[in-house]
Amino acid sequence: MTSLTLGLVQVTSWALRLVSFVYRHTLKRPINFSEAYNEGNSWAVVTGGSDGIGEQFCRDLANQGFNICIVARNEVKMQEKLASIKGEASKNGKNIQTKYVVADLADLTRYSDYQAIADQLRDIDIGLLILNAGWTLMGPFKDLTP
Ligand SMILES: NC(=O)c1ccc[n+]([C@@H]2O[C@H](COP(=O)([O-])OP(=O)(O)OC[C@H]3O[C@@H](n4cnc5c(N)ncnc54)[C@H](OP(=O)(O)O)[C@@H]3O)[C@@H](O)[C@H]2O)c1
């Protein structure tokens with residue numbers, strides 16, 4: 001009896017996982033951030049948006065109609081990736097604007113350092129801020145300086 005119960009629980013668990021997998025990959029609609037956060041000409045600002053996870057954020061959000069601003073270190077790479085992102089969005093019927101801010105987040109330790117980035121974003125409506133790249137100090141809190 002106990003092994004029958006355990007077997008049923010196991011089979012039910014597998015069935016639920018299968019249904020969940022099929023739902024996620026077929027029926028579930030991707031989240032459209034634009035419906036919630038784009039007021040028509042809004043921007044998504046993505047730190048580390050020129051590679052990896054951040055780049056995919058940029059591509060998905062551009063395809064949803066967001067203007068895209070990347071914050072990273074390598075200016076040429078940002079220019080190339082933004083051109084590609086803009087081209088892909090255009091093929092999907094979205095005419096977006098792009099910009100970038102050159103910054104090494106590992107060098108920013110003071111509020112005034114971040115203010116220099118904020119100053120370059122002052123005139124745009126930021127609908128989404130994706131903090132994908134960042135830097136932090138590790139170790140006991142008592143050993144950190146302000
Ligand atoms: N990939 C994973 O499996 C994984 C898993 C867990 C967490 N994460 C985290 O997710 C984030 C993105 O990972 P990823 O794999 O997509 O990284 P990635 O492909 O290496 O891309 C990193 C991005 O961040 C920028 N970047 C790196 N250092 C920077 C700095 N000091 N200042 C400003 N920008 C900087 C890079 O551009 P530049 O080089 O031009 O600056 C690039 O655009 C990271 O925080 C990572 O720790 C990743």
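## Asp104 and its surroundings

Asp104 counts as exposed, because 12 other C-beta atoms lie inside 10 Å of its own, and a residue with 12 or fewer such neighbours is placed in that class. The structure described here is a predicted model. Asp104 is found in the loop that runs between strand S3 (98-102) and helix H5. Along the chain, 72 residues separate Asp104 from Asn32, and their C-alpha atoms are 30 Å apart.

## Two further positions: Arg29 and Asp113

Arg29 occupies the loop between helix H1 (2-27) and helix H2 (33-37). Arg29 is exposed, because its C-beta neighbours inside 10 Å number 5. Between the C-alpha atoms of Arg29 and Val9 there is a distance of 30 Å, for a separation of 20 residues along the chain.

Asp113, in contrast, belongs to a helix, namely H5 (residues 111-120). Asp113 has 13 other C-beta atoms within 10 Å and is therefore partly exposed, since the exposed class ends at 12. From Asp113 to Asn74 the distance is 18 Å, C-alpha to C-alpha, and the two residues are 39 apart in sequence.

## The pairing of helices H3 and H4

Helix H3 (residues 52-63) and helix H4 (residues 75-91) have axes that come within 8 Å of each other and cross at roughly 35 degrees. This crossing of H3 and H4 is right-handed. On the side of H3, the contact is formed by Glu55, Cys58, Arg59, Ala62 and Asn63, while H4 contributes Lys81, Ile85, Glu88 and Ala89. Sorted by class, the residues in the contact of H3 with H4 are 4 nonpolar, 4 charged and 1 polar.

## The nonpolar core

In soluble globular proteins, nonpolar side chains tend to be buried together. The largest nonpolar core of this model has 21 residues, and the members that touch the most others are Cys58, Ala62, Ile68 and Ile70. At least two residues of this core come from each of strand S1 (43-47), H3, strand S2 (67-72) and H4. The greatest contribution is that of S2, with 5 residues.

Which residues is Ile70 in contact with, leaving aside its neighbours within four places in sequence? These contacts are Val46, Gly49, Ser50, Cys58, Met78, Leu82 and Tyr100. Cys58, one of these contacts of Ile70, also takes part in the contact between H3 and H4.

## The residues around the ligand

The ligand is surrounded by 18 residues, of which Gly48, Asp51, Gly52, Arg73 and Asn74 come nearest. H3 gives the most to this shell, with 3 residues. By class, the shell around the ligand consists of 7 nonpolar, 7 polar and 4 charged residues.

Notes:
Residues numbered from 1 in each chain as written. Predicted model: local features only at pLDDT ≥ 70, side-chain atom pairs only at ≥ 80, totals over all residues. Axes fitted to C-alpha atoms, helices over the stretch in contact; angles between N-to-C directions. Helix = DSSP H or I, 4+ residues; strand = E, 2+ residues; numbered from the N terminus. Left-handed = near helix turned anticlockwise from the far one by under 90°. Contact = placed C-beta atoms within 7 Å. Nonpolar A, V, L, I, M, F, W, Y, C, P; charged D, E, K, R; others polar. Core = buried A, V, L, I, M, F, W, Y, C linked by C-beta atoms within 7 Å. Buried ≥ 20, exposed ≤ 12 C-beta atoms within 10 Å, placed from the backbone. Near = placed C-beta within 6 Å.
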